[in-house]
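The following paragraphs lead through a protein model, beginning with its overall make-up and ending in its interior. Please keep the sequence and the structure in view while reading.

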Amino acid sequence: MALTDQTSELPNQPEQIRTGPLTDRFGRRHTYLRVSVTDRCNLRCQYCMPAEGIEWTPRKDLLTYEEIVRIVRVLAGEGVNKVRITGGEPTVRKDIETLIAQVAAVSGIEEVAMTTNGTTLPKMAQRYRDAGLKTLNVSIDSLQPERFKQITRTDKMDTVLAGIESALAAGFAPLKINVVSMKGVNDDETADFVAFAKDRPINVRFIEFMPFEGNEWSQGKMFSYRDMLDAVMQRFEIEPLPHRPSEVAKDFKIVGGQGTVSFITSMTEDFCSDCNRIRLTATGDFKPCLFMLPNVSVRDRIRAGGEDQAILDALQESLAGKWEGHPGPQQLIRLKNASMIQIGG
Ligand code: SAM
């Protein structure tokens with residue numbers, strides 16, 4: 001299928017209205033920055049990375065830690081208060097705990113979070129925590145060794161499970177477990193994951209499968225929020241928890257247990273109306289929405305000698321183009337976008 005340029009398919013074309021550095025034309029304030037630090041990963045998840053692989057970005061093109069911290073400092077001065085470190089796999093970047101500590105030390109940053117595949121956690125969970133990491137999401141899509149191997153094209157399930165134990169021991173609570181739910185792949189494990197979380201400080205988060213370049217998304221593989229709910233309720237009683245502003249997940253308590261379960265319903269019930277997220281790619285581009293192309297290079301402006309104001313200008317330009325809401329999956333599969341590993345989840 002031919003991919004189309006995003007500009008010809010925008011659901012709502014941007015007007016250039018300036019409303020403050022963190023605010024877009026729909027009045028949404030972007031206080032949550034998601035920073036991808038690399039496009040490399042030590043797993044090869046089928047839904048995240050094309051089978052043929054990707055061409056790794058040369059080191060010199062990646063933002064340095066110094067550049068990332070500067071961008072965070074400037075944005076925190078305007079009100080950004082949460083930063084997520086992601087990738088690729090963020091922990092394959094050297095000394096990631098140094099970046100965690102430097103970002104955590106920026107005045108105004110209240111929460112540093114990280115999303116990881118968990119493979120470094122057996123050795124490093126406590127060090128990440130000591131560096132100032134507050135929230136940790138660990139991705140694991142199957143609790144069955146053969147299936148884990150098939151999904152990730154690697155044999156590291158035991159390491160990830162050991163990593164989850166290390167993260168709990170290090171005090172990450174609740175520890176968030178991300179599961180991408182796919183029909184015919186792991187949908188039959190939905191209740192098993194709830195059982196895994198039930199009696200521990202674990203928040204299991206089921207994510208609807210989203211289309212990205214090269215991940216062979218199809219409607220048939222969609223295991224929707226409603227499907228997931230049905231699967232959970234066949235074995236567990238759950239009760240909705242109050243919705244928190246800008247929280248993307250629908251949260252539920254597992255009755256009789258300590259754990260919680262959440263659903264990220266990007267494909268069937270989007271949560272764009274109070275979106276507060278802006279993304280920074282590993283190569284230093286702002287990306288206003290997960291499904292939009294990166295649109296302004298802050299790296300180039302910094303490397304050309306730009307002052308701090310140039311960082312704010314780059315953000316404003318990026319946000320000026322942000323959609324009011326992203327299109328549905330049938331339109332998304334026709335839009336150009338990178339694969340998830342390149343975007344940073
Ligand atoms: N390597 C880290 C990890 O494995 O968590 C961080 C990067 S990964 C791209 C971030 C999150 O995006 C993971 O939880 C992953 O499962 C999720 N993800 C990747 N591709 C996805 C897709 N097509 N649909 C839904 N979630 C996806």
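This is a predicted model, and the protein in it contains 11 helices and 12 strands. Its radius of gyration is 19 Å, close to the 20 Å that the globule rule gives for 345 residues, so the protein is as compact as a globular protein of that length. Taken along the principal axes, the box filled by the C-alpha atoms has dimensions of roughly 55 × 45 × 40 Å.

How are the contacts of the chain distributed along the sequence? Among the contacts with a separation of 6 or more, 73% are between residues 24 or more positions apart. With burial defined as under 20% relative accessible area, 56% of the 345 residues count as buried.

Turning to the outside, the accessible surface of the protein comes to about 14500 Å², and carbon and sulfur atoms hold 49% of that area. The protein carries 43 positive and 46 negative charges, and the mean positions of these two sets lie 3 Å apart.

In the interior, the largest nonpolar core has 75 residues, of which Leu33, Phe206, Phe263 and Phe286 touch the most other members. Helix α1, spanning residues 65-76, gives the most to this core, contributing eight residues. Apart from this core lies another, made up of 26 residues, including Cys41, Cys45, Ile207 and Phe291.

Phe263 deserves a look at its surroundings: leaving aside residues up to four places away in sequence, Phe263 touches Phe206, Tyr225, Met228, Leu229, Val232, Ile238, Val248, Ala249, Lys250 and Phe252.

Note on methods. Residues numbered from 1 in each chain as written. Predicted model: local features only at pLDDT ≥ 70, side-chain atom pairs only at ≥ 80, totals over all residues. Heavy atoms only, no water. Helix = DSSP H or I, 4+ residues; strand = E, 2+ residues; numbered from the N terminus. Rg over C-alpha atoms; globule rule 2.2 N^0.38 Å. Buried < 20%, exposed > 50% of the residue type's maximum accessible area, 1.4 Å probe, protein only. Contact = heavy atoms within 4.5 Å. Areas by Shrake-Rupley, 256 points an atom, 1.4 Å probe, with all protein chains shown as cover. Lys, Arg positive; Asp, Glu negative; His and termini not counted. Charge placed at Lys NZ, Arg CZ, Asp CG, Glu CD. Core = buried A, V, L, I, M, F, W, Y, C linked by side-chain atoms within 4.5 Å.
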